[in-house]
Amino acid sequence: AEGVEVDVYNTHLEAGSNANSNAARENGVEILLKTIKTRSAGRALILAGDFNLKFKDGGHDLKMLNRLVDEGGLTLVCTTLKCTDDRVDRIYYRDSADLTWTPLQRTVETTFVDSKGVELSDHEPLSARLGWELK
């Protein structure tokens, strides 16, 4: 709609399972949160990417995932849609004073392949369909 703006962030946090990898992911989350607070204060946004974090791993991973929700004011699409899988790829959203998101569908994409049918990533990507409404 005319005049509606949405900030979109994409990320790929550090992989690995050692202390250095955890520190790099913490730094990545810190940078994301500072950027969102600085550049997107009060604005609707979408944050998506490979977070290399899983709820099932608890501890460090759970702490980082909770920071995105608690400090960033973000909602995980899968929280709203009650997804049952726990993937490293995630899609978050945040409403603003002017716009409300409604997650409608999250899909595990199976067509992200080359012309020979070979997968282009080490894991299947996600997509989400979001409805929106002006307040």
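Where does S96 sit, and between which strands? S96 is in the loop between strand 4 (89–94) and strand 5 (99–108). The model is predicted. Its protein chain has three helices and six strands. Two separate nonpolar cores are described below, one with 17 residues and a second with nine.

**Overall fold and size**

- Read from the N terminus, the elements of the protein chain run β-α-β-α-β-α-β-β-β.
- The radius of gyration is 16 Å, close to the 14 Å that the globule rule gives for 135 residues, so the protein chain is as compact as a globular protein of that length.
- The C-alpha trace spans about 45 × 35 × 25 Å along its principal axes.
- Take the contacts between residues at least 6 apart in sequence: 66% of them join residues at least 24 apart.

**Surface and charge**

- Of the 135 residues in the protein chain, 36% are buried.
- The accessible surface of the protein chain is about 8000 Å². Carbon and sulfur atoms account for 49% of that surface.
- The protein chain carries 17 positive and 22 negative side chains. The centres of these two sets are 3 Å apart.

**Nonpolar cores**

- The largest nonpolar core holds 17 residues. Within this core, L47, F51, L68, L74 and Y92 have the most contacts.
- Helix 1 (19–39), strand 2 (45–50) and helix 2 (59–72) are the elements that give two or more residues to this core.
- Helix 1 is the top contributor to this core, giving four residues.
- A second core of nine residues is separate from the largest one. Its members include I91, Y93, W101 and L126.
- F51, one of the residues with the most contacts inside the largest core, touches T11, L13, R25, L32, L68, V88, R90 and Y92, leaving aside neighbours within four places in sequence. Among these partners, L68 and Y92 are also on the list of residues with the most contacts in that core.

**S96 in its loop**

- Is S96 buried or exposed? S96 is buried, because its relative accessible area is 12%, and buried means under 20%.
- Leaving aside neighbours within four places in sequence, S96 is in contact with G42, R43, A44 and K135.

**N52 and K82: positive phi outside glycine**

- N52 is not a glycine, yet its phi is positive, at about 50°. N52 lies in the loop between strand 2 and helix 2.
- N52 counts as buried because its relative accessibility is 18%, and the cut-off is under 20%.
- Which residues does N52 touch, not counting those up to four places away in sequence? They are H12, L13, E14, A15, R25, D61 and V88.
- L13, R25 and V88 are among the contacts of N52, and they are also among the contacts of F51.
- N52 and N22 are 30 residues apart in sequence. In space, their C-alpha atoms are 9.8 Å apart.
- K82 also has a positive phi, near 60°, and is a residue other than glycine. K82 sits in the loop between helix 3 (77–81) and strand 4.
- K82 is exposed, because its relative accessible area is 66%, and exposed means over 50%.
- In brief, N52 is buried, whereas K82 is exposed.

How values were computed: Residues are numbered from 1 along each chain as its sequence is written. This is a predicted model: local features need pLDDT of at least 70, side-chain atom pairs count only at pLDDT 80 or more; totals for chains, interfaces and linings use all residues. Side-chain values use heavy atoms; hydrogens and water are left out. Buried means under 20% relative accessible area, exposed over 50%, partly exposed in between (1.4 Å probe, protein chains only). Contact means heavy atoms within 4.5 Å. The radius of gyration is taken over C-alpha atoms; the globule rule is 2.2 Å times the number of residues to the power 0.38. Accessible areas come from the Shrake-Rupley method with a 1.4 Å probe; for residues, only the protein chains shown count as cover. Lys and Arg count as positive and Asp and Glu as negative; His and the chain ends are not counted. The place of a charge is taken as NZ of Lys, CZ of Arg, CG of Asp or CD of Glu. A nonpolar core is a set of buried Ala, Val, Leu, Ile, Met, Phe, Trp, Tyr and Cys residues joined through side-chain atoms within 4.5 Å.
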